[in-house]
Amino acid sequence: GANLATVSTMGKDGEKRSAMRDVQTMEATINIHRRLHQVGFKKRAPRTVKEIKKFAEKLMGTKDNRIDQSLNKHIWSKGIRNVPYRIRLRLERVRNDDDDAAEKLYTLVKVVPGVVSFKGLETKRVDEDE
């Protein structure tokens, strides 16, 4: 049924379940459309932000998930009601420099620019040592 997307991402995620597999970057597509089913117009864009954070928590195993400014702009680009059906996300798990933070790591979620078609795109690790 509708749960195919989450199942496939979780399969690969098995070995990196522990958040202390540390700093890394993933690329994934999130299907916003199915997550906004039955959500009222005026709540769609705000709910999308919450759903992306939930998605990031599930994929990256971090409680602290932050939405990049560019991603927020992308979500709201068509207004509060007409959120894009799918978004290609780049999820960067980063060390938290703030000493008194509860979590050692947080995930920064960005949008991958210039994705025309989502066909055949899979969840994958991106290896770019910054």
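Select strands S1 and S3 (residues 86–95): the two pair in the antiparallel sense over 8 bridges. Strands here are DSSP E runs of at least two residues, helices are H or I runs of at least four, and both are numbered from the N terminus; two strands pair if DSSP finds at least two bridges between them. This is a predicted model, in which local features need pLDDT of at least 70, side-chain atom pairs count only at pLDDT 80 or more, and totals for chains, interfaces and linings use all residues. Residues are numbered from 1 along each chain as its sequence is written, and side-chain values use heavy atoms, without hydrogens and water.

Next, pick Gln24 in S1; Arg93 in S3 stands opposite Gln24.

Now add S5 (residues 124–126), which pairs with S1 in the antiparallel sense over 3 bridges. The bridge partner of Thr25 in S5 is Val126.

Stay on S1 (residues 24–31) and show its side chains. 8 of its 8 residues are buried, so S1 is largely enclosed by the rest of the structure. Buried means under 20% relative accessible area, exposed over 50%, and partly exposed in between (1.4 Å probe, protein chains only). In a regular strand the side chains alternate between the two faces of the sheet. In S1, Gln24, Met26, Ala28 and Ile30 point one way, and Thr25, Glu27, Thr29 and Asn31 the other way.

Move to the loop between S3 and S4 (105–111) and select Asp99. Asp99 counts as exposed because its relative accessibility is 75%.

Finally, show the whole protein: 4 helices and 5 strands, in the order α-β-α-α-β-α-β-β-β along the sequence. Of its 130 residues, 37% are buried.
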